[in-house]
Amino acid sequence: MIPITEYAGRDVAVFGLGRTGLSAAKALKAGGARVHAWDDNEETRAKAEAAGLTLSDINKRDWQTFAALVLSPGVPYKFPQPHRIVRMAEMTNVPIVGDMELFARAVQALPERGRPKIVGITGTNGKSTTTALIGHILKQAGRDVRIGGNIGTGVLDLAPLHANAVYVLELSSYQLDLVKSLHCDVAVLMNITPDHLDRHGGMEGYQAAKMRIFQNQTERDVAVIGFDDVITQSIAIGLSANGPARVLQASSTYALGRGVSAVDGRLYDSCNGQAQYIGNLRDCMALPGRHNHQNAAAAYAACRSLGLDQQAIMDGLRTFPGLAHRLEMVGEIDGVKFVNDSKATNAEAAEQALKAYKNAYWIAGGVPKAEGIKPLAPLFPNITKAYLIGEAEEPFSATLRGQVAVQSCGSLEKAVAAAFKDAKAVGDENPVILLSPACASFDQFRDFEHRGDVFRSIVQSMMPQEIKELA
């Protein structure tokens, strides 16, 4: 845990007691603050109490006594409209911060020589894999690395700050909306495509949130920017011309004059203006597909900026085990492979999975995003059959009608069973049952992790006993 001492002896409200809210409340309490923690959800409050937190209904408190409101990133801050707790804080001039801002201030409070290195990673897609990949490479190279933020462990639950550590942090747009002080020694922006637009008031607000990752960088810092979409190309060019940080581009499409390229899986380092071949990413079994090659290029650039040598980085890329719920191979039965890509919560993310597998029995659906799956039309030939679940069944079926064989299944259990039956009966070469929903999960599951865990459990329950024992 990283104790937050900034509010020692003062009253602080914490609203939203999910993973990040719980860690913030505990860190503030450890730092001497009087914590008033609350959540509107009764079940969440019960879990917080079970975790040892004392609750205090901030709706009934005198807000003039609060030194700050620590807001969970899942609570609407500005759009579609501010949550009533946000409005209450604003009416009483109580500053609003998030857990990442508390972390950033704790780092800035240290003497400059005593501060750890901070690597921040954001983007619409690929940020979780890139975060885990950077962390893995650094660990393999013997660095004291802590990985968290929007992935895995909440930032304030990570090991205490010290100068020799490297904090590798996934940053969501929601978290970035609440930061002012965060300084990233290496800031990574993978891509920007439409997502969470209702929470940011449109595309301009969403892009502005992502750009906050660069806001406190200096000429000593590095900005790693994906170069495979139009928006980030423009950002990279603009920051190269006007930003203080050194900009390194990362691409799996273009051979870059200055940056890191992974064209056709061959990784080249041209950070110093001269291309040098590093290795073949096709040897990295957990990084299939062009999107993962861009993730690898960005991770390479970030780790090179931290002083790792080329061979150590390539060794880390080869030994990366992959990320749960992102093109995760969870089993094989009778020659049929099962791939868990539950983290694909929008069409852009699902596109990467459908590009990676050419013979997919595709399980999709849940709570659909505004764009639906129409952007995936060029990849429909890669789908042998689609099995639809959740609220998206009707709109997805309408989009696929006449182009892809479709079966409405309702539940994930029925979809897996139907897909496996068909994959065995058709006798295709190398069939893959691919859960890549292109949807949020909240209609049937707690979150995408829960959805992926259920998928894994279903597959494991189908395995013959002798396969289970080997696994």
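Visitor: How many helices and strands does the secondary structure of the protein chain come to?

Guide: Bear in mind that this is a predicted model. The secondary structure of the protein chain comes to 16 helices and 21 strands.

Visitor: And what radius of gyration would a compact globule with 471 residues have?

Guide: For 471 residues the expectation is near 23 Å, and the protein chain has 23 Å, so the two agree. If you prefer axes, the C-alpha trace spans about 70 × 55 × 45 Å along its principal axes.

Visitor: Into which domains is the chain divided?

Guide: There are domain 1 (11-97), domain 2 (110-319) and domain 3 (328-467). Let's take the first pair: the C-alpha centres of domain 1 and domain 2 lie 31 Å apart. Their contact draws 14 residues from domain 1 and 16 residues from domain 2.

Visitor: How should I read the size of an interface?

Guide: People often quote the accessible area that is lost when the parts come together. Here domain 1 and domain 2 bury about 1,200 Å² between them, with 59% of that on carbon and sulfur atoms. On the domain 1 side, Arg 19, Pro 73 and Phe 79 supply 45% of the area buried against domain 2, more than any other three residues.

Visitor: What about salt bridges and polar contacts: how many are there between domain 1 and domain 2?

Guide: The rule finds zero salt bridges across that interface, while six residue pairs are in polar contact. As for elements, helix H1 (19-30) and strand S4 (96-97) are the ones giving two or more residues to the side of domain 1 that touches domain 2. H1 gives the most, with four residues. By type, that side of domain 1 divides into eleven nonpolar, two polar and one charged.

Visitor: How many salt bridges does the structure hold, and what does one with Arg 220 look like?

Guide: The structure holds 18 salt bridges. In one of them, Arg 220 pairs with Glu 112, and the closest N and O atoms are 3.1 Å apart. Arg 220 sits in the loop between helix H8 (203-211) and strand S9 (222-226), and Glu 112 in the loop between helix H4 (99-108) and strand S5 (117-122), so the pair ties together parts that are 108 residues apart in sequence.

Visitor: Now the backbone. Which sign of phi do most residues other than glycine have, and are most peptide bonds cis or trans?

Guide: Most such residues have a negative phi, and most peptide bonds are trans. Now look at the bond joining Phe 79 and Pro 80: that peptide is cis, with omega about -10 degrees. Pro 80 belongs to the loop between strand S3 (66-71) and helix H3 (84-91). Phe 79 we have already met, as one of the three residues named for domain 1's buried area.

Visitor: And where is Asp 264 found?

Guide: Look in the loop between strand S11 (259-263) and strand S12 (266-269). Asp 264 has a positive phi of about 55 degrees, although it is not a glycine.

Visitor: One last residue: with which residues is Lys 369 in contact, leaving aside its neighbours within four places in sequence?

Guide: Those are Asp 195, Thr 345, Asn 346 and Ala 440. The side chains of Lys 369 and Asp 195 are joined by a polar contact of 3.2 Å. Thr 345 is 24 residues from Lys 369 in sequence and 8.2 Å away in space, C-alpha to C-alpha. To find Lys 369 in the model, go to the loop between strand S17 (367-368) and strand S18 (383-389).

Definitions and conventions
Residues are numbered from 1 along each chain as its sequence is written. This is a predicted model: local features need pLDDT of at least 70, side-chain atom pairs count only at pLDDT 80 or more; totals for chains, interfaces and linings use all residues. Side-chain values use heavy atoms; hydrogens and water are left out. Domain bounds come from an automatic or database domain assignment. Contact means heavy atoms within 4.5 Å. Buried area is the accessible area (1.4 Å probe) that two parts lose on being put together, summed over both. A salt bridge is a side-chain nitrogen of Lys or Arg within 4 Å of a carboxyl oxygen of Asp or Glu. A polar contact is a pair of N or O atoms within 3.5 Å; within protein, one must be able to donate a hydrogen and the other to accept it, and residues adjacent in sequence count only if both atoms are side-chain atoms. Ala, Val, Leu, Ile, Met, Phe, Trp, Tyr, Cys and Pro count as nonpolar, Asp, Glu, Lys and Arg as charged, and the others, Gly among them, as polar. The radius of gyration is taken over C-alpha atoms; the globule rule is 2.2 Å times the number of residues to the power 0.38.
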